[in-house]
Amino acid sequence: MVKLNKIYTKTGDDGTTGLVSGPRRLKHDLRVESYGTIDETNSVIGVARLHTADMPELDAMLMRIQNDLFDLGADLSAPETDEPLPYEPLRIIDNQVSRIEHDIDALNAGLEPLNSFVLPAGSPASAHLHLARTIARRAERLMVALSHTTGERVSPAALKYVNRLSDFLFVAARHANDRGRADVLWVPGKNR
């Protein structure tokens, strides 16, 4: 159980932050950037949800994903090591990846087919979901870079999850645009 009594600790005044597993890292460390960008993605999904009350199926999916993103942040903030930890760290698991794939398929089944690329626009929910998608892609790039850094590990399930997340957010953005009927399509060379 998480218990937060004091919000400021002053321990980060030197430009470092503590990982769940104990060690301190610089606030611009690639691991901190990774879970910070997951948090940013989660926040934008929260803003998108301000506009999904009339889409209860989508809103429920987004709420589950927001919870998963806290799991992913916890996973990233407790790096895997060869040393045993005094607790069982929270990790993203394959069932979470399977569930998001199921949600993608469920939303995608009702969408209009695409004949062009989609501009990140349309309804407020769609525009915010597209913003969340681009932030999730940045988080994925950071996590991949972290996974290729000597001495760092990122679980395969976490990498799969963040990759599926941006796919989900794309499909969800289209769903929020009247199931794709209100998508704003790219017209190549339109303004030449």
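The accessible surface of this chain comes to about 11,000 Å², and carbon and sulfur atoms account for 56% of it. Keep in mind while you look around that this is a predicted model. Of the chain's 192 residues, 41% count as buried.

## The overall layout

What does the chain build with those residues? Its secondary structure comes to five helices and two strands. If you read along the sequence, the pattern goes β-β-α-α-α-α-α. Contacts reach a long way along the chain, too: take the contacts with a separation of 6 or more, and 73% of them are between residues 24 or more positions apart.

## Helix H1

Helix H1 runs over residues 30-48. How far apart are its end C-alpha atoms? They sit 27 Å apart, and that agrees with the expected span, because 19 residues at 1.5 Å a residue should also give 27 Å.

The N-terminal end of H1 has a cap, Asp 29, with a side-chain oxygen 2.8 Å from the backbone nitrogen of Arg 31. Arg 31 itself is on the list of buried residues of H1. That list also includes Val 32, Tyr 35, Ile 38, Val 44 and Ile 45, along with Ser 34, Thr 37, Thr 41 and Asn 42.

## The nonpolar core

Nonpolar side chains tend to be buried together in soluble globular proteins. Here the largest nonpolar core has 40 residues, and those with the most contacts inside it are Leu 58, Leu 72, Leu 129, Phe 168 and Leu 169. The elements giving two or more residues to this core are H1, H2, H3, H4 and H5. Which helix gives the largest share? That would be H5, with 11 residues.

To get a feel for this core, pick Leu 72. Leaving aside neighbours within four places in sequence, Leu 72 is in contact with Ile 38, Ile 92, Met 143, Ala 158, Tyr 161 and Val 162.

Leu 62 is another good place to stop, and you'll find this residue in helix H2. Is Leu 62 buried or exposed? It counts as buried, because its relative accessibility is 0% and the cut-off for buried is under 20%. With neighbours within four places in sequence left out, Leu 62 is in contact with Ile 45, Arg 49, Thr 52, Leu 129, Phe 168 and Leu 169. Thr 52 is 10 residues away from Leu 62 in sequence, and the two C-alpha atoms are 9.2 Å apart in space.

## A buried aspartate

Being buried isn't reserved for leucines. Asp 75 is found in helix H2, which covers residues 56-76, and Asp 75 counts as buried because its relative accessibility is 4%. Its contacts, again without neighbours within four places in sequence, are Leu 90, Arg 91, Ile 92, Ser 155 and Ala 158. Ala 158 is also one of the contacts of Leu 72.

## Salt bridges

Side chains of opposite charge can pair when their charged atoms come close. How many salt bridges are there in this model? The count comes to 13. Three of them are set out below.

| Pair | Closest N to O |
|---|---|
| Asp 59 and Arg 49 | 2.9 Å |
| Arg 164 and Glu 101 | 2.7 Å |
| Asp 167 and Arg 137 | 3.3 Å |

Start with the salt bridge between Asp 59 and Arg 49. This pair links distant parts of the chain, with Asp 59 in helix H2 and Arg 49 in the loop between H1 and H2, 10 residues apart. Asp 59 is buried, with a relative accessible area of 17%, whereas Arg 49 counts as partly exposed at 21%. Arg 49 is also among the contacts of Leu 62.

Next comes the salt bridge of Arg 164 with Glu 101. Here helix H5 (residues 156-176) is linked with helix H3 (residues 94-108), and the two partners are 63 residues apart. Arg 164 is partly exposed at 21%, and Glu 101 is partly exposed at 30%.

Then there is the salt bridge of Asp 167 with Arg 137. Asp 167 sits in helix H5 and Arg 137 in helix H4 (residues 124-147), 30 residues apart. Asp 167 is partly exposed, with a relative accessible area of 31%, and Arg 137 counts as partly exposed at 28%. Elsewhere, salt bridges that share partners join Arg 64, Asp 68, Arg 99 and Asp 103 into one network.

Terms used: Residues numbered from 1 in each chain as written. Predicted model: local features only at pLDDT ≥ 70, side-chain atom pairs only at ≥ 80, totals over all residues. Heavy atoms only, no water. Helix = DSSP H or I, 4+ residues; strand = E, 2+ residues; numbered from the N terminus. Buried < 20%, exposed > 50% of the residue type's maximum accessible area, 1.4 Å probe, protein only. Contact = heavy atoms within 4.5 Å. Expected span 1.5 Å × (residues − 1). Polar contact = N/O pair within 3.5 Å; in protein donor to acceptor, adjacent residues only side chain to side chain. Salt bridge = Lys/Arg side-chain N within 4 Å of Asp/Glu carboxyl O. Areas by Shrake-Rupley, 256 points an atom, 1.4 Å probe, with all protein chains shown as cover. Core = buried A, V, L, I, M, F, W, Y, C linked by side-chain atoms within 4.5 Å.
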